[in-house]
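Work through the exercises below with the sequence and the model side by side. Try each task before reading its solution.

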Amino acid sequence: MEERSLHPSICPYCSVGCGFYIELEKGRPVGIRYMPEHPVNEGALCPKGNAALEILTHPERLTHPLRKSEKGWEKLSWNEALDTLAEKIREVRGKAGPEALAFLGSAKCSNEENYLLQKIARMLGTNNVDNCARLCHASTITGLGKTLGAGAMTNPLSDLAHSECIFVVGSNFAENHPPVARRVLQAKDRGASLIVADPRLTPSAWLSDLTLRLRPGTDIALINGLMQVILAEGLEDRVFIRKRTVGIEGLEKALKKYTPKTVSRITGVPAGDIIKAARTFAKAETASVVYSMGITQHVSGTDNVTACADLALLCGHLGKKGAGILPLRGQNNVQGACDMGVLAEFFPGYVKTDRAGNQEWLKKAWGLEKLPEKKGLVATEMVDAVFGGSLKFAYIMGRDPVNSTPNASKLKKALDSLDFLVVQDIFLTDSAKHADLVLPAAAWAEKEGSFTSTERRIQWVERTLVSPGDAKPDLEILIELANRLGLDATYKEAGDVLAEIARTVPAYGGLSKERLKEGCGLIWPCPDALHPGTPILHTESFSTPNGLASFVPVEFLEPAEPPDSDYPFLLITGRTGLHYNAGSMSRRSEALLCREPELYVELNPADAEALALEAGTIIVIETRRGRTEAKARLTQRVDRGVLFMPFHFPGTNLLTADALDRESKIPGFKGSACRIWRR
Ligand code: SF4
């Protein structure tokens, strides 16, 4: 019998951070084995986790640096590639200044890789650095930041099993985060009530005790309505409000007009259901609010998140087991990429870049005389900066903006208008096809480093496999580039970078490679080497300067692009259980692709009948930005006048709107007016 060995690892897809073992035989991966002792998933995996090995040995893996030439892609050595890249960075910086450079980090890469990428950007003199949180949960950082003082999940996922009431808004967790559904079902076993607010009748809604099927984009009106009922019936937690919050008077005043009758008219949810939901949430001893991109990806994304925080604060549902706010974030290290300061407005640890004096501590930590003081461009502002001529160079590490950014045609033109584009990835993605230089990166099991899950759990991943061809870990590429640029990166391995992170980011202060390798991770804040981590935030005080949370009233505004006579349907986009994000990995997995092979559009059967469309008809969907084709699926999941398309396939983001939330600059993906016809 062949000798086989098991190697612990973490799923490379979503932010739940499920653990499993990679089974090796003669150094080759032969299977995934479940890890029942893992505290997050207890051995369970969704289809993507089960298929995670497939992409490692995919024949389309990039194996050599590539340069675009008139003859097509030319292979080059690492020395040639990195010399060319360093020379180009020096040239653009010399001619146009550091603000002509932009660096886009990756929510798929490790903390150490993201930390070094933003450090390189800042040492070169620019804060033009961002990650794909800008497209999914930037509004969580702003919304929870200004109410609770920390833009992160307050309680571990396992806590959901201890909630008496779970209010879910804009999240199809049953399909997209199955380990979360396990916890919700455990809570229901104990008698908990599940309330799901969503414009679609998703599998999560089927699990619910009460479904609030609201009109798309009316989340704020609904949540304000719940709070109005709670206040009108005296169900708020006055002791919690008095001791731990400020600003209740402003909220009370703003909510007066959101009566159940008014809110029912705006949202389409029956007034009786609004009252029932409010009472259930407020009367529960412990209740949680769970949300996802259904509320964050809006031009009112920050206000949507703020309303969720106000609701939890009003009932004192924070700072204890089973009571908290749980944003289900996107990719496996989106939390970590933000923690590492891969954000234009924050240095590592969420220190604001443009606040006077904030540069001093980092200058000292990095041994520098100067750091950029101006707030940088966020990813969604970079496109216009390219057209305006101020941005000339972009370095994209491990992301595919062509398939994940709204108004994708405009984005593609911007990429082609750059003086120089370098893309570092494991495949020749649709974005990489626009690059001048492509660098082949190691995939998830081929490198070591730490990853921070949506519940703030930092886990260490070991290098288990060798990369194909000349592909290298992102960290090695960045170290070699930094040294060519004279930035003195003396790290020998990821553990050295983590040691610097621990010195720079207080919440990571107690972490080391050795400590993380011991178990299934630590939950930040973990400020010193003896600290056990902090699963529940805000138990004694909030993360604000005075320790108090703030109520911030928000007003409902009609969605930015409502349907009209020219574009009579409203398009919602979102995730599905079988694919992931831009699809650069999941669309290369036969196991996933055979079950979900193509782009589709969900359409209510009554709308289909009115337009003489059948199930399976290829229809054209057109918005003011572009058009695409998809196969019709007739379903009651969507209401009349509403369409749903997954965003994992090229085409969907040709349609989506690029208007931005004014605070977080997240685009309003959800809610594009459109029209449809048979192809
Ligand atoms: Fe991976 Fe997320 Fe699925 Fe867990 S839920 S197996 S982390 S994709």
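Contact means heavy atoms within 4.5 Å. This is a predicted model: local features need pLDDT of at least 70, side-chain atom pairs count only at pLDDT 80 or more, and totals for chains, interfaces and linings use all residues. Residues are numbered from 1 along each chain as its sequence is written, and side-chain values use heavy atoms, with hydrogens and water left out.

**Exercise 1. Place S664 and list what it touches.**

Step 1: find the element. S664 sits in the loop between β27 (642–646) and β28 (672–678). Strands (E, at least two residues) and helices (H or I, at least four) are DSSP runs, numbered from the N terminus.

Step 2: check the burial. S664 counts as buried because its relative accessibility is 0%. The cut-offs are under 20% relative accessible area for buried, over 50% for exposed, and partly exposed in between (1.4 Å probe, protein chains only).

Step 3: list the contacts. Residues up to four places away in sequence are not counted; S664 then touches R134, A138, S139, T142 and T302.

Step 4: look for a polar partner. The side chains of S664 and D661 make a polar contact of 2.5 Å. Such a contact is a pair of N or O atoms within 3.5 Å; within protein, one must be able to donate a hydrogen and the other to accept it, and residues adjacent in sequence count only if both atoms are side-chain atoms.

**Exercise 2. Is K513 buried or exposed? Which side chain does K513 join in a polar contact?**

Step 1: K513 belongs to helix α22 (residues 513–518).

Step 2: its relative accessible area is 13%, so K513 is buried.

Step 3: the side chain of K513 meets that of E493 in a polar contact of 2.7 Å.

Step 4: leave aside neighbours within four places in sequence. K513 is then in contact with E448, W460, E493, G495 and L498.

**Exercise 3. Examine the backbone at P525, H538 and A612.**

Step 1: recall the usual case. Most residues other than glycine have a negative phi, and most peptide bonds are trans.

Step 2: W524 and P525 are joined by a cis peptide bond, with omega about 0 degrees. P525 lies in the loop between β21 (522–523) and β22 (549–550).

Step 3: H538 is in the loop between β21 and β22. Its phi is positive, near 60 degrees, though H538 is not glycine. H538 is buried because its relative accessible area is 4%.

Step 4: A612 is not a glycine either, and its phi is positive at about 55 degrees. A612 lies in the loop between α24 (605–610) and β25 (618–622). Its relative accessibility is 47%, so A612 counts as partly exposed.

**Exercise 4. Find K256 and say whether it is buried or exposed.**

Step 1: K256 is in the loop between α10 (248–255) and α11 (260–267).

Step 2: with a relative accessible area of 61%, K256 is exposed.

Step 3: M227 is 29 residues from K256 in sequence, and 9.6 Å away in space, C-alpha to C-alpha.

**Exercise 5. Describe the whole protein.**

Step 1: count the elements. The protein has 24 helices and 28 strands.

Step 2: size it. The C-alpha trace spans about 70 × 65 × 65 Å along its principal axes.

Step 3: check the burial. Of the 679 residues, 63% are buried.

Step 4: sort the contacts. Among those with a separation of 6 or more, 73% link residues 24 or more positions apart.
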